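Thank you all for coming; today I would like to talk about empty space inside a protein, and I will try to go slowly. Please have a look at the sequence and the model first.

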Amino acid sequence: EVYKRKARMASSYDPKPLRAPMKPSPIADYSNLSLIGQQMVYAHPRAACLVSTSSIHVGTHVDVRKAEPSPLEIVRSVRALPHGTSGYIVMSTASGIQVWDQSCARQLFQWMLPEVKKVIQGESLQGEMAGVHNGVGEVYAPFVRGAALCLARNGSTNLCFGSSSGTLYVSEVDQSGRIQEPTPFFGHSSPITCMSTEYQSHHGRHIADKSPGSHLLASADEAGNISVWLAVSGDEYKVLSSIPSASIPATSLAIRHDCLIAARLNGIIQVYGLKDSKLRAEIVAHSRWLTCMDIHPTKDIIVSGAEDGTINMWTLPIHNHKVTNLLSVTWMHAAVTGVTFCGSTFDDLAAVAYDTDELRVYKPLLPT
């Protein structure tokens, strides 16, 4: 079933946003805005930027606190990973990852990609470590992209992240909170674009073990492939199902109930069966590149943004519900690069745009 933007409309949100000046501006990264506690996080080339939701007021400069990586490096992406009442902030840098506590006050873990480590040590690279190819013989710098927390079947908490080689890495968090050295898993041959878990889609809140997606990790790559992994333990991840290449990369993923939601770069949001990989519905969300998506932690609602400045919010076609468009607005002369649900009940919507010194917040008119 295919849904188009004008099929059904419901004016549940005020299309006139709260506009607040904000510096520095975000980089052009997929889904470059995420929430942990009462603060939002986005990536700037030199730092992770934290914004307290209580500092957002009309016409008043947003209070932005910058947390620079240590050692100083170029920041490629930043992801907030809520975990119960706390969580982690993961910085992807030019050489690997840095994991910080939820306030970015203390670095908990640092890990260098094997490709980068070998180059620094002056070793010759062979096989997969010889570089990452784009299909025409060119080699480009290795990077980490995509991060998620997964609850494994054995009860362990796993920090998962992807790489430019297509390798997934999984670090188990032990009972004392220490993050272990990562274990590599091979299921993609193209650079990872994003990943998600049901636990992450609920903002790190408890989910029942009987939930279809409770121990699953979804990952996507630049070739358009999507894999669903069963997390048995920090040392054992099995590919449960795969969605063949659509040639269009997914820029964001989410898991809800027995469904996998994939936001494709071509502006279409697809809903698949989580275990049978069958396409259940398509939402024609944007006419230009879709750059970001977020899912409400407690309601079956998604929001997406695109490079042409359009922002759309939808109810999901889950449990026999029809798709309804709750918000459709355009941020003129801006490329939206991050959206996230926020506020005390997560019903407010915050958005940021590439190289734009402003934060916008949309508020509901009626309960969603």
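Before we begin, one convention: Ala, Val, Leu, Ile, Met, Phe, Trp, Tyr, Cys and Pro count as nonpolar, Asp, Glu, Lys and Arg as charged, and the others, Gly among them, as polar. Please also keep in mind that what you see is a predicted model.

How many cavities of 30 Å³ or more are there? The count comes to two.

Let me take the second largest cavity, which holds about 60 Å³ of space. Its lining is made up of Ser-77, Val-78, Arg-79, Val-90, Met-91, Ser-92, Ile-97, Val-144, Arg-145, Gly-146 and Ala-147. The elements that each give two or more residues to this lining are S7, strand S8 (86-93) and S13, and S13 provides the largest share, with four residues. If we apply the convention, these lining residues divide into six nonpolar, three polar and two charged.

Now to the largest cavity, where about 440 Å³ of space lies. It is lined by 28 residues, of which Ser-34, Arg-79, Gln-200, Met-293 and Asp-294 are the closest to its centre. Among the elements that give two or more residues to this lining are strand S7 (75-83), strand S13 (144-151), helix H2 (198-201) and strand S25 (290-295). The lining of this largest cavity divides into 15 nonpolar, 11 polar and two charged residues.

To finish, I would ask you to find Arg-79 on the screen, since Arg-79 lines the second largest cavity and is also among the residues closest to the centre of the largest one.

Terms used
Residues numbered from 1 in each chain as written. Predicted model: local features only at pLDDT ≥ 70, side-chain atom pairs only at ≥ 80, totals over all residues. Heavy atoms only, no water. 1 Å grid on protein atoms, 1.4 Å probe; cavity = no way out; pocket = protein on both sides within 12 Å on 5 of 7 lines; lining within 4 Å. Points joined across faces, edges and corners; volume = space filled by probe spheres on them.
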